[in-house]
Amino acid sequence: METKSIMIVGVGGQGSLLASRIIGNVLLSQGFEVKVSEVHGMSQRGGSVVTYVKYGDEVSSPVIVKGEADIIISFEQLEAARWLPFLKKGGHLVTSTQKIDPMPVINGAAVYPDDIIEKIKAQGVDVIAVDALTLAEQAGTAKASNVVLMGVVSKKMQFEESVWQAALEQCVPAKFLELNKKAFALGRAAE
Amino acid sequence: MKKLMLGNEAFARGLYEAGCRIASSYPGTPSTEITEEVAKYDEVYAEWAPNEKVAMEVALGASIAGARSFCAMKHVGLNVAADPLYTAGYTGVTAGMVIAVADDPGMHSSQNEQDSRHHAIASKVMMIEPSDSAECKEFAKAAFDLSEKFDTPVIVRMSTRVAHSQSAVELCEREEKELIPYTKNAQKFVMMPGNAIRRHPEVEQRLVDIREYAETSPLNRVEYNDTKIGVIAAGISYQYAREALGNKASYLKLGIVNPLPVEIIKDFCSKCETVYVIEQLDDIIETHCKKIGLNVHGKDTFSLLGEISQSIVREKILGETAEFAEFPESVPVRPPVMCAGCPHRGLFYCLSKLGVTVSGDIGCYTLGATAPLCAMDTTICMGASISGLHGFNKARGAESEKKSVAVIGDSTFMHSGMTGLVNIAYNASNTTVIILDNSITGMTGHQQNPTTGKNLKGDPAAAVNLEELCKAIGIKSVRVVDPYHMAETEAVIKEELAKDEPSVIISRRPCALLKYVKHNPPLRCDHDKCVGCKQCLKIGCPAISVHDKKMTIDHTQCVGCGICTEMCKLGAIVK
């Protein structure tokens with residue numbers, strides 16, 4: 001099988017590491033070679049963060065380059081716009097509708113673009129936009145936005161739901177499992 | 001069983017399986033998780049040392065005592081540990097000693113992108129370089145065997161993408177290694193001139209022996225496909241080349257990067273039409289090839305700067321570029337910022353307001369340099385805030401002493417800041433030093449340090465009392481402030497700057513991300529009172545923004561620290 005690429009983008013602190021771990025474990029359980037690349041350290045402090053997940057029969061480079069991602073999962077609208085060039089022609093963009101102003105916008109040095117999702121759709125991109133934050137709060141905490149988006153993206157991939165449930169059980173501490181399962185279900189039912 | 005593991009986690013597994021008994025490190029991105037992970041194995045004693053020099057000396061001492069030992073650091077940490085490294089190269093080891101050094105091409109979280117291979121060459125110590133998680137584990141184990149076989153410490157060079165990528169790893173059992181009996185051997189381990197002079201020829205002979213081993217070692221391997229293009233690469237660069245070129249090229253993948261072999265490289269080059277050396281940062285393999293008379297491409301094709309990727313290899317060698325869509329407008333950058341509730345924010349707002357010169361250091365608080373606070377003049381390396389400001393003040397005199405401060409975190413102060421403070425007391429400059437004590441090593445992801453009262457395993461440990469330490473060094477004026485109280489903090493800074501003596505201010509408040517720190521409910525803005533004056537934006541809190549001329553607080557980020565309420569004269573920020 002040709003190598004497939006998934007990017008998870010967002011703002012440092014939004015939980016992209018857990019999301020990549022869940023997807024990574026789903027793929028490993030299906031017998032693929034998997035590589036997941038994360039960024040730690042300074043850029044995690046509220047900066048733009050990106051995690052790469054690649055799978056197939058043979059995966060060499062752990063990073064994804066422009067025009068390569070089959071799916072981009074974005075936790076925030078501006079980050080969806082930033083990383084759009086990494087999406088492959090015909091790829092899918094799954095994004096939360098959440099907006100977080102970056103410091104240059106807060107300071108007035110830059111402007112947060114209007115109508116990001118419409119402008120991306122106008123580029124001919126398949127966009128699935130979900131209010132993941134509200135759904136996460138329904139599940140019990142804003143922090144579960146990442147798992148809501150996993151629920152959304154699970155429908156864009158060919159694996160059985162039980163495989164995702166097993167990965168959740170592997171990656172989430174027991175005391176938060178029920179909450180995260182609820183968040184996942186809300187994401188899966190969304191659209 | 002196959003498990004998805006970070007390169008660093010797999011490295012730790014390799015240490016465990018190889019029977020490593022002692023590990024001592026100082027945290028540094030992207031090396032930190034190796035030591036955190038190895039600490040989870042009860043069979044391995046693991047600790048955070050105050051700095052990399054101490055860590056490496058602990059590892060060498062343990063090796064001399066007969067235990068397989070380990071230390072880890074980031075690339076710039078190896079500069080700090082260079083002193084023991086260069087002489088450990090002379091003494092060699094008793095039990096195996098492995099050093100992990102993690103380079104950061106692209107500077108994801110570093111102040112420079114130096115290439116650690118230079119240290120291996122200069123210290124004449126063997127260096128190997130893995131390219132994925134499975135190799136991290138295998139190379140860690142091989143490093144111990146090679147260390148014992150050739151009587152040398154062995155450096156394993158990591159890089160950000162290898163350290164922080166997960167791939168599948170096959171787990172094995174631990175092979176227990178008993179302590180090697182200790183026998184005094186002063187000629188080998190007392191490096192005074194008379195002994196060292198006899199060790200040097202052995203160091204040179206060892207390099208010859210390892211080079212010969214490298215010619216046939218399984219760590220270096222050749223893959224022949226189409227031979228029009230030949231690629232010589234090590235570590236992550238091999239993975240980029242392999243992804244870009246697949247079977248359109250042949251590969252010489254070097255696992256041993258110091259010393260480099262001669263014959264297998266010559267043989268590979270003789271079988272390929274055009275040979276490219278693909279290496280991140282400096283032209284070390286390329287220079288070696290040219291020195292042995294081979295015509296290869298290297299930095300004529302690839303940059304000395306930053307990271308390589310599969311797209312760069314594809315473009316430079318095959319002339320292929322990818323198609324992609326772009327967002328039709330400019331996208332504002334999102335630089336890292338101090339977190340909402342960060343205790344450093346209040347302190348830096350005071351420094352910004354006072355307009356003082358700020359001699360900075362390495363840690364989360366380096367973000368005080370960014371807009372809107374912009375309260376930092378220099379950042380060089382661990383500890384340089386204090387010693388650098390002493391030099392600055394000696395150069396510019398009393399005028400400068402009244403309007404400058406050094407800022408340094410608790411962990412960085414223990415690492416190499418306190419010697420600078422000794423210099424201030426001893427050589428008398430009226431310098432003001434602010435220790436930002438957030439009770440943790442923050443930027444690298446919450447590691448304990450000698451001031452926190454806990455060790456690496458989280459067990460209670462002796463805690464350095466910063467006030468008493470500074471007094472013992474000879475600083476008479478030591479003050480403690482809470483940076484959540486900005487008015488008081490500002491007043492204390494002014495008082496200490498005015499004094500004709502050196503002083504230390506400890507700005508104390510635990511990191512807001514620590515699990516034990518209780519958060520207040522998020523604050524909100526009373527829009528009837530808010531006039532949109534934007535005073536609250538001056539503290540640079542990521543939870544605060546102004547929309548339609550009214551301030552809003554992002555309830556998902558706000559931890560209710562309340563420093564914004566000091567900014568609002570109208571009392572519009574409420575619980």
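This is a short chat about a predicted model, mainly its chain B and one residue of chain A.

Trainee: Anything to know before I start?
Mentor: In this predicted model, local features need pLDDT of at least 70 and side-chain atom pairs count only at pLDDT 80 or more, while totals for chains, interfaces and linings use all residues. Residues are numbered from 1 along each chain as its sequence is written, chains are lettered from A and ligands numbered from 1 in the order written, and side-chain values use heavy atoms, without hydrogens and water.

Trainee: How many helices and strands does chain B have?
Mentor: Chain B has 21 helices and 22 strands, counted as DSSP runs numbered from the N terminus (helices H or I, at least four residues; strands E, at least two).

Trainee: And what box do the C-alpha atoms of chain B fill?
Mentor: Roughly 75 × 65 × 50 Å, along the principal axes.

Trainee: What share of chain B is buried?
Mentor: Buried residues are 58% of its 575; buried means under 20% relative accessible area, exposed over 50%, partly exposed in between (1.4 Å probe, protein chains only).

Trainee: Switching to chain A, where is A:Asn146?
Mentor: A:Asn146 sits in helix 6 of chain A, residues 145–154.

Trainee: Is A:Asn146 buried or exposed?
Mentor: A:Asn146 is buried, because its relative accessible area is 5%.

Trainee: What is A:Asn146 in contact with, leaving aside neighbours within four places in sequence?
Mentor: A:Gln14, A:Gly15, A:Leu18, A:Ala19 and A:Phe75, where contact means heavy atoms within 4.5 Å.
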